[in-house]
Every structure is written in C-alpha cells, then in structure tokens.
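Reader: I'm in my first year and still learning to read models like this one. Could you pick one small spot, look at it closely, and then show me how it fits into its surroundings?

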Amino acid sequence: MGMDTAVALKKTMQVLDWCYDKSIDGFPPIPSASELAENYLTKHHQNTESAINDFIHWQHVKAGTSGFLTGVGGALTLPLTLVSIPADLTAVIYIQLRMIAVIAYLRNYDLHDDEVRTFAYVCLVGRAGIDMLSGAGIKVGEKVAVNVIKKIPAKVLTSINQKVGGRIVTKFGQNGVVNLVKLVPLVGGAVGGTIDVGSNIVIAQTAKKVFVRLDNPNA
C-alpha cells in the first residue's frame with residue numbers, strides 16, 4: 001500500500017468513526033439514534049417493524065428536501081483533524097450512519113458494540129458490504145444470537161473495516177491525502193442540500209438485511 005493510499009484510508013476511517021460516534025451519542029439539538037428510535041417506537045405502540053418503516057420513509061422524504069443537509073451540517077462541529085472535510089459531506093455520512101443505527105437499535109442490537117459499528121460501515125457500501133461479511137464467514141439474513149456475534153475475532157472486524165475504507169479509497173482514488181469530496185456518490189450525492197434518495201434506499205435495504213431482528217438480545 002502506497003503512502004498516499006495509506007493516509008487516505010486512515011482519513012476515511014477517521015471520518016466514519018467520528019460520524020458513527022456522533023450518530024449514537026447525538027449532539028444538541030440533534031437527537032441520538034436511540035432517541036429517534038424510541039420516539040418512533042412509541043409512536044407505533046411498540047410495533048418495531050412499523051417504526052422502522054416509518055422512520056425510513058421519513059428519512060427518504062427529508063433527504064430529498066432542499067436544505068436538509070444544511071440544517072444538519074450547520075450543527076456539526078468538526079474536530080481539528082477533520083476540518084479539511086466539507087461539512088455537507090460529513091453530514092451525508094452522519095445522516096446515513098444514523099439511519100443504519102436506528103434500524104440496528106430497533107432490531108435489538110447494542111450500538112456501542114464494535115461488531116455493530118463494523119456492520120454499520122458495511123451497510124454504506126451496499127451489496128459489496130454483504131459480500132465482505134460473507135467472505136469473513138458471517139452469514140447475513142439469518143438470526144444470530146448476540147453471544148455468537150460477540151465471538152467474531154477483533155482481527156476479522158478490523159479487516160472488514162479496512163476493506164470498507166479501502167473500497168471507498170479505491171473507487172474514488174486519491175489526490176494528495178484524499179479528495180474526500182469524491183466520497184459523496186458512495187453514500188449519497190449532496191446537491192442543493194439534499195441526499196440522493198436512491199442511495200438512501202439501497203443503504204436502508206442493506207441495513208434491514210444485515211441487522212436481522214434479535215428476538216432475545218440477552219441470549
């Protein structure tokens with residue numbers, strides 16, 4: 001791996017980690033993924049699947065609304081290590097990781113687990129991400145008890161994370177450290193403060209396949 005590619009991969013992973021942390025922790029006035037999930041669950045009288053579908057629909061509608069990214073991006077305060085990254089791009093990644101996190105939470109996954117973080121990153125790259133999990137011996141679409149998920153070796157999770165980041169870098173190349181603006185089409189094109197709804201739909205469908213409902217989260 002060349003120096004430029006290595007730096008690009010590191011920068012990409014920093015973006016993903018920071019956006020995921022923000023999605024599960026929230027930041028005023030933006031609610032966390034769990035808070036959003038609980039609001040939709042209450043609205044649908046504890047009907048999990050209705051809550052998921054309603055949230056995804058809301059996400060798609062809002063994503064295509066002019067100014068949506070501007071509203072979220074304006075509330076983001078980037079750390080010094082990420083100041084070179086456009087706020088609208090960061091907002092796109094944040095919004096889509098938060099959508100994935102809401103789905104995972106409503107399917108009874110612990111958002112603070114390293115395994116769940118890795119699965120969330122996988123969802124950003126759609127079918128290719130599912131193939132990455134399959135290649136690591138992780139079957140998508142089957143109910144997997146939490147105690148099985150937690151047995152996935154750390155080195156396997158790291159490898160999958162690197163593959164997701166590597167796919168982003170490889171697909172859009174690097175210019176100096178990395179032209180992160182080119183990352184946008186992967187996770188949704190930002191045009192006029194909107195997110196490409198088609199990309200949003202693919203990511204949501206992937207998340208629903210990856211995060212199969214855990215009926216017994218304490219298994």
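**A loop and the core around it**

Author: Let's start at N108, which you will find in the loop that runs between α5 and α6. Before we zoom in, please keep in mind that this is a predicted model. The backbone at N108 deserves a look: its phi is near 80 degrees, a positive value, and yet this residue is something other than glycine. Is N108 buried, partly exposed or exposed? Its relative accessible area is 25%, and because buried means under 20% and exposed means over 50%, N108 counts as partly exposed.

There is another spot with a positive phi that you can compare with it. Q46 is not a glycine either, and its phi is about 70 degrees. This residue also sits in a loop, the one between α2 and α3. With a relative accessibility of 55%, Q46 counts as exposed.

Now let's go inwards from the loop. Which residues does F211 touch, once its neighbours within four places in sequence are left aside? The list is I100, A104, R107, Y109, V116, F119, A120 and C123. One of these partners, F119, also forms an aromatic pair with F211, and we will come back to it below. Another partner, C123, is buried, with a relative accessibility of 0%. C19 is buried too, and its relative accessible area is also 0%. You may wonder about sulfur bridges, and the structure holds zero disulfides.

F211 also leads us to the wider picture. The largest nonpolar core has 59 residues, and F211 is among those with the most contacts inside it, along with Y20, L97, I100 and L111. Which elements give two or more residues to this core? They are α1, α2, α3, α5, α6, α7, α9 and α11. The top contributor is α5, with 12 residues.

Since α5 gives so much to the core, let's pick one residue from this helix. V102 has its place in α5 and is buried, with a relative accessible area of 1%. Apart from neighbours within four places in sequence, V102 is in contact with A33, L36, A37 and F55. Take L36 from that list: V102 and L36 are 66 residues apart in sequence, while their C-alpha atoms are 7.0 Å apart in space. The partner F55 belongs to an aromatic cluster that it forms with Y40 and W58.

Next come the aromatic rings. Seven aromatic pairs turn up in a search of the whole structure. How do the rings of Y20 and Y121 meet? Their centres are 6.0 Å apart and their planes stand at 85 degrees, so this pair is edge-to-face. Y20 lies in helix α1 and Y121 in helix α6, 101 residues apart, and the pair links these distant parts of the chain. Both residues are buried, Y20 at 1% relative accessibility and Y121 at 0%. Now back to F119 and F211: their pair is tilted, at 6.1 Å centre to centre and 55 degrees between the planes. F119 is in helix α6 and F211 in the segment after α11, so this pair ties together parts that are 92 residues apart in sequence. F119 and F211 are both buried.

Y121 has one more link to show you. N161, in helix α9, is in contact with Y121, M13 and T118 when neighbours within four places in sequence are left aside. N161 counts as buried, at 15% relative accessibility.

Finally, let's step back to the whole chain. It has 11 helices and two strands, and 49% of its 219 residues count as buried. Among contacts with a separation of 6 or more, 77% are between residues 24 or more positions apart.

How far can you trust each part? The average pLDDT of the chain is 78, and 70% of the residues score at least 70. Confidence is highest in α2, at 95, and lowest in helix α10 (residues 184-187), at a mean of 54. Over residues 174-178 the pLDDT is below 50, although this stretch has 12 contacts in the model beyond near neighbours in sequence. Where pLDDT is low, predicted coordinates should not be read in detail.

Definitions and conventions. Residues are numbered from 1 along each chain as its sequence is written. This is a predicted model: local features need pLDDT of at least 70, side-chain atom pairs count only at pLDDT 80 or more; totals for chains, interfaces and linings use all residues. Side-chain values use heavy atoms; hydrogens and water are left out. A nonpolar core is a set of buried Ala, Val, Leu, Ile, Met, Phe, Trp, Tyr and Cys residues joined through side-chain atoms within 4.5 Å. Buried means under 20% relative accessible area, exposed over 50%, partly exposed in between (1.4 Å probe, protein chains only). Helices (H or I, at least four residues) and strands (E, at least two) are DSSP runs, numbered from the N terminus. Contact means heavy atoms within 4.5 Å. A disulfide is a pair of cysteine sulfur atoms within 2.5 Å. pLDDT is the predictor's confidence in each residue, from 0 to 100. Rings of Phe, Tyr and Trp (its six-membered ring) pair if their centres lie within 6.5 Å; planes under 30 degrees apart count as stacked, over 60 as edge-to-face and the rest as tilted.
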